[in-house]
Amino acid sequence: MPVSKRTADVRRQKREARLQKSKATRQEPRAKAASPKPIIPPPAPTPKTQNLGPEALPGRQPPAVSRKHLLGIEDLGRKEIEGILDRAETFLAVLKRPIPVVPALRGKTIVNLFFESSTRTSSSFNLAASRLSAQCLSFSAGTSSVKKGETLLDTARNIEAMRVDGLVVRHSVPGAPHFLARRLHCFVVNAGDGCHEHPTQALLDAFTLRQRLGSLDGKKILLVGDIAHSRVARSDILCFSKLGARVALCGPATLIPRGIEDLGCEVFYSLDRVLYEVDVVGMLRVQAERIGSSLFPTVREYRQLYGLTRERLAKLDKSVVITHPGPVNWGVEMDYEVSELPQSLVMNQVTNGVAVRMAVLYLLAGGSEGEVQHG
Ligand code: NCD
């Protein structure tokens, strides 16, 4: 059918209008992409010049995130450690409020990726995230596709693909969180990697000691027990030394790794020789699940030689404080009486763990300052 000139003109005009409109909508996403709001804060370009120090306290500048992940105390300087502990003080105050929640990480999602059992660490990361108004999902290896043969990396990548901001990883293989941190975009917190490190435990131990003793500078801290298999021992040695304490170790020779003195600590094999000269006794669990063959004759003998027994407690100065990361083998590392003593900080450690983990998540996820204040 012949088309009149007028109809052809109208069609042309309509075509042009459609074309303009589609150009405009095609450009729109590009305009948005020019200033994307990052879900994950980019790692700071010059970690050495930034810190998490006291200047990061409320009322001052927003906190500087000086690294993207928390993988070990090994990577932190004294100022960074103190910055995290100072931040944890502000969160401990939040936890004492009638409504212990702040919206600092609203909209963020954290996943607990635990391939080893845990009570304290996983629950306190979970609580820390929810006290900051973040969502926290707990993954359990036992009921996941790991059972069907999925690798660690595939598992983590699939969880990350659900657009999470951070992973809290516990694994029996030393270096597993480091391996993931190199391959993922989200932040990674090491919640214990084999016998290697457990940085948040060391931070909460240091926080608890600082709370009771004021400062760790010049304090004599003795770690007792299964040093060889304890990631807590390794992180504690590094953390306490960086904060100015003098660290000594004591345990059976079979449970003290050769060369550990290189971390700057003294080694003793007799508990009675060193116990009464220190300010802090940090008891460690005998890691039965990691000890392949028997490394000490009997539990009874272990208790007698290295246990904080009621007889030793009776001789210990009341100013000496006692810590244990838990879980405790009562009657092996220490007698149950310890739990009732005012110098036992075991429960304080658990309480403080939430505040310290809030500080870590807040700093890594780039929480906003004002929202810490206005809970
Ligand atoms: C420690 C751990 O898992 O390494 N526990 C903990 O995190 N509370 C210490 C231990 O299991 O002995």
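Here are a few notes on the ligand shell, one helix and the nonpolar core of this predicted model.

1. Some ground rules first. Residues are numbered from 1 along each chain as its sequence is written. Because the model is predicted, local features need pLDDT of at least 70 and side-chain atom pairs count only at pLDDT 80 or more, while totals for chains, interfaces and linings use all residues.

2. Around the ligand you will find Arg120, Thr121, Gly192, His198, Gln201, Arg231, Val232, Arg285, Gln287, Pro325 and Gly326 (C-beta atom, placed from the backbone, within 6 Å). Helices α3 (120–131) and α7 (231–242) each supply at least two residues of this shell; helices here are DSSP runs of H or I, at least four residues, numbered from the N terminus. Domain 1 (47–198 + 353–373) and domain 2 (200–351) both contribute to the shell, so the ligand shell lies between them; the bounds come from an automatic or database domain assignment.

3. Do look at α6 (residues 199–213), where 12 of the 15 residues are buried (20 or more other C-beta atoms within 10 Å of the residue's own, with C-beta atoms placed from the backbone). Among them are Gln201, Leu203 and Ala206. After α6 comes Gly214, with a positive phi near 90°.

4. The largest nonpolar core (buried Ala, Val, Leu, Ile, Met, Phe, Trp, Tyr and Cys residues joined through C-beta atoms within 7 Å) has 91 residues, and Leu203, Ala206 and Leu361 are among those touching the most other members. Its largest share, 11 residues, comes from α11. Both domain 1 and domain 2 give residues to this core, so the core lies between them.
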